[in-house]
Structure formats: structure tokens, C-alpha cells
Amino acid sequence: MIAPFPYFGGKRTIAPLVWERFGSPKQYIEPFCGSAAMLLAAPAPASLEVVADANGFIANFWRAVKHQPERVAEWADY
């Protein structure tokens, strides 16, 4: 899956290489979430996935996508 928006410092292009080295971790913690490119590129979900970012709007966006995707789509639709 591709992130829904570009983000400075995004890891989308290197995500496959990183996951190759990570393997399949039981827990995945992403302190610099941004566009969540790494998490979205994961080959399989971990039993615990934690994402965080210094920008509170980023964290709120992903929380809203997880818990109310229909409302996010409604607000994003022109």
C-alpha cells in the first residue's frame, strides 16, 4: 500500500530493503511515522504496531484513518 500523501524524509523507496533486513518482527515501533510508508510496506502485520510523530496532526490523521475511515474519506472528498 502507498501512503496517501508525500512526506519529507519518507522511506517509501527504501522500505522493501529495510523490511528485508528487519524480517518479521513481533513488535514494530515507528517513532517518526510521517506518511507511515514503512508500516504500510510491511510484508505482514506485527502483533504490536506503535507509531508516533512529533507532529500531532500526523498522529491524529492516522488515528482517524484507523478508527473512522469513512469520515476521513467524507472530509477528503471534494
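How many helices and strands make up the secondary structure of the protein? The secondary structure comes to four helices and two strands, where helices (H or I, at least four residues) and strands (E, at least two) are DSSP runs numbered from the N terminus. This is a predicted model, in which local features need pLDDT of at least 70 and side-chain atom pairs count only at pLDDT 80 or more, while totals for chains, interfaces and linings use all residues. Residues are numbered from 1 along each chain as its sequence is written, and side-chain values use heavy atoms, with hydrogens and water left out.

**Confidence and overall architecture**

- The protein averages a pLDDT of 90 (the predictor's confidence in each residue, from 0 to 100), and 100% of the residues score at least 70.
- Among the elements, helix 1 (residues 15-22) has the highest mean pLDDT, 95, and helix 3 (residues 56-67) the lowest, 89.
- Read from the N terminus, the order of the elements is α-β-α-β-α-α.
- The C-alpha trace spans about 40 × 25 × 25 Å along its principal axes.
- Of the 78 residues in the protein, 21% are buried; buried means under 20% relative accessible area, exposed over 50%, and partly exposed in between (1.4 Å probe, protein chains only).
- Among contacts (heavy atoms within 4.5 Å) between residues at least 6 apart in sequence, 36% join residues at least 24 apart.

**Largest pocket**

- The largest pocket holds about 430 Å³ of space.
- Its closest residues to the centre, out of the 15 that line this pocket, are L39, V51, W62, R63 and K66.
- On a 1 Å grid over the protein atoms alone, a pocket is an open set of points where a 1.4 Å probe fits, with protein on both sides within 12 Å along at least five of seven lines; lining residues have an atom within 4 Å of a point.
- Grid points are joined across faces, edges and corners, and the volume is the space filled by probe spheres set on the points.
- Helix 2 (37-40), strand 2 (48-51) and helix 3 each supply at least two residues of the lining, and the largest share, seven residues, comes from helix 3.
- By residue class the lining divides into ten nonpolar, one polar and four charged; Ala, Val, Leu, Ile, Met, Phe, Trp, Tyr, Cys and Pro count as nonpolar, Asp, Glu, Lys and Arg as charged, and the others, Gly among them, as polar.

**Aromatic pairs**

- The count comes to seven aromatic pairs, with rings of Phe, Tyr and Trp (its six-membered ring) pairing if their centres lie within 6.5 Å; planes under 30 degrees apart count as stacked, over 60 as edge-to-face and the rest as tilted.
- W19 and Y28 form a tilted pair, at 5.1 Å centre to centre and 45° between the planes, and both residues are buried.
- The pair of F22 and Y28 is tilted because the planes stand at 55°, with ring centres 6.5 Å apart.
- F22 is partly exposed at a relative accessible area of 46%, whereas Y28 counts as buried at 6%.
- Ring pairs also link F5, Y7, F61 and W62 into a cluster.

**Residues L40 and A36**

- L40 is found in helix 2 and is buried, with a relative accessible area of 19%.
- L40 and M1 are 39 residues apart in sequence, yet 5.6 Å apart in space, C-alpha to C-alpha.
- Leaving aside neighbours within four places in sequence, L40 is in contact with M1, I2, A3, S35 and W62.
- A36 is found in the loop between strand 1 (27-30) and helix 2, and has a positive phi of about 65° although A36 is not a glycine.
- With a relative accessible area of 5%, A36 is buried.
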